[in-house]
Amino acid sequence: MSQITIPQNVGDDAPRRGRRRHAVGSVPASRSTAASMVQDELRRAILAMEIVPGASLVEKDLTARFGTSRTPVREALIRLKEEGLVEIFPQAGTFVARIPTDAIPEAVFIRQALECATVALVARIGTPEAIARLDATIARQHEAFEASDQESFHLADEAFHETLAGIAGYPGIWRIAHAAKAQIDRCRRMTLPVPGRMAMVMREHLSIVDAVRRHDAPAAEAAMRQHLGTLLPDLLHLQEQNPDYFV
């Protein structure tokens, strides 16, 4: 697995002196924080395909990597199992879950339903200041593209869609969409290195913003639907290239 940079000596192994007493049955804050940190960093690495589907997750290795005891690591792995990103097999081990092919079309449908409605609203109410915010995220994407920085490109892509939800006045829409698209993200990260892919994403974002700028809600919705649907034609090719990553 790829190296994950992480702060050392966090969680249960921190000195116990001076800790506050916790109510009976409560989870110590340090353990909860350590488990959340491990969960967040493992999720990021899994979604970024730094840890590939099917990879083994060994508790001993993870405790050394994250500088914590086994309890927060186990809690984090259980949470990731609930998210569908980890599989735990008693007596066999813990592994990064393979991508469920059947779940991708549904996730795309959910995201299209949420974000097409969002962008149509933005097209109706978007101010010049709001549109400038969208332009700024595309500018960040362009900088990342010029630097061949896939991670920064992906973060700017996320910021674009999150900004749309914020402009619409419904930031919760992005949180719901974000939760629904974990499996999509792993596929998308596999497509970013494909020549021309990042340039295509920027063109699609520009088409969306151009429609918003014209206050053309139907065109904005159509551009968003096309943008979010581009993954489905790629899915078969991704499966053929990486059969061990899918189930």
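Reader: Which residues line the second largest cavity?

Author: This is a predicted model, so take it as such. In it, the second largest cavity is lined by E115, T118, H161, L164, A165, I173, W174 and M224.

Reader: Which elements give two or more residues to that lining?

Author: Those are α4, α6 and α7, the last of them spanning 171–180. α6 gives the most, with three residues.

Reader: And by class, what does the lining of the second largest cavity have?

Author: Five nonpolar, two polar and one charged residues. The volume of this cavity is about 40 Å³.

Reader: Let's stay with T118 for a sec. Buried or exposed?

Author: T118 is buried, with a relative accessible area of 5%. You'll find T118 in helix α4.

Reader: What is T118 in contact with, leaving aside neighbours within four places in sequence?

Author: With L164, A165, A168 and I173. L164, A165 and I173 also turn up in the lining of the second largest cavity.

Reader: OK, zooming out. How many cavities of 30 Å³ or more does the structure hold?

Author: Two. In the largest cavity there is about 230 Å³ of space.

Reader: Which residues lie nearest the centre of the largest cavity?

Author: D157, R188, R197, H227 and T230, out of a lining of 19 residues.

Reader: How do the residues of that lining divide?

Author: Eight are nonpolar, five are polar and six are charged.

Reader: Which elements each supply at least two residues of the lining of the largest cavity?

Author: There's α4 (103–125), α6 (150–168), α8 (182–191), α9 (197–213) and α10 (217–229).

Reader: Tell me about α8, then. How many of its residues are buried?

Author: Ten of the ten, so α8 is largely enclosed by the rest of the structure. Among the buried residues are the charged-class D185, R186, R188 and R189, and R188 is also one of those nearest the centre of the largest cavity.

Reader: H227 was nearest the centre of the largest cavity too. Where does H227 lie?

Author: In helix α10. H227 is buried, with a relative accessible area of 8%.

Reader: Which side chains does a polar contact join to that of H227?

Author: One polar contact, of 3.3 Å, joins the side chain of H227 to that of H161. Another, of 3.1 Å, joins the side chains of H227 and H205. H161 is also in the lining of the second largest cavity.

Reader: And what is H227 in contact with overall, leaving aside neighbours within four places in sequence?

Author: H161 and H205 again, plus V201, E204 and I208.

Reader: Switching to packing. Which residues have the most contacts inside the largest nonpolar core?

Author: V119, F160, L164, V212 and M224, in a core of 22 residues. α4, α5 (128–146), α6, α9 and α10 each supply at least two residues of this core. Apart from it lies another core, of 19 residues, including I46, L47, I51 and V73.

Reader: Does anything general apply here, or rather, what tends to happen to nonpolar side chains in soluble globular proteins?

Author: They tend to be buried together.

Reader: Back to V212. What is V212 in contact with, leaving aside its neighbours within four places in sequence?

Author: V119, V122, A123, I131 and A220. V119 is, like V212, among the residues with the most contacts inside the largest nonpolar core.

Reader: Which of those core residues also line the second largest cavity?

Author: L164 and M224 are in that lining, and both are listed with the most contacts inside the core.

Key: Residues numbered from 1 in each chain as written. Predicted model: local features only at pLDDT ≥ 70, side-chain atom pairs only at ≥ 80, totals over all residues. Heavy atoms only, no water. 1 Å grid on protein atoms, 1.4 Å probe; cavity = no way out; pocket = protein on both sides within 12 Å on 5 of 7 lines; lining within 4 Å. Points joined across faces, edges and corners; volume = space filled by probe spheres on them. Helix = DSSP H or I, 4+ residues; strand = E, 2+ residues; numbered from the N terminus. Buried < 20%, exposed > 50% of the residue type's maximum accessible area, 1.4 Å probe, protein only. Core = buried A, V, L, I, M, F, W, Y, C linked by side-chain atoms within 4.5 Å. Contact = heavy atoms within 4.5 Å. Polar contact = N/O pair within 3.5 Å; in protein donor to acceptor, adjacent residues only side chain to side chain.
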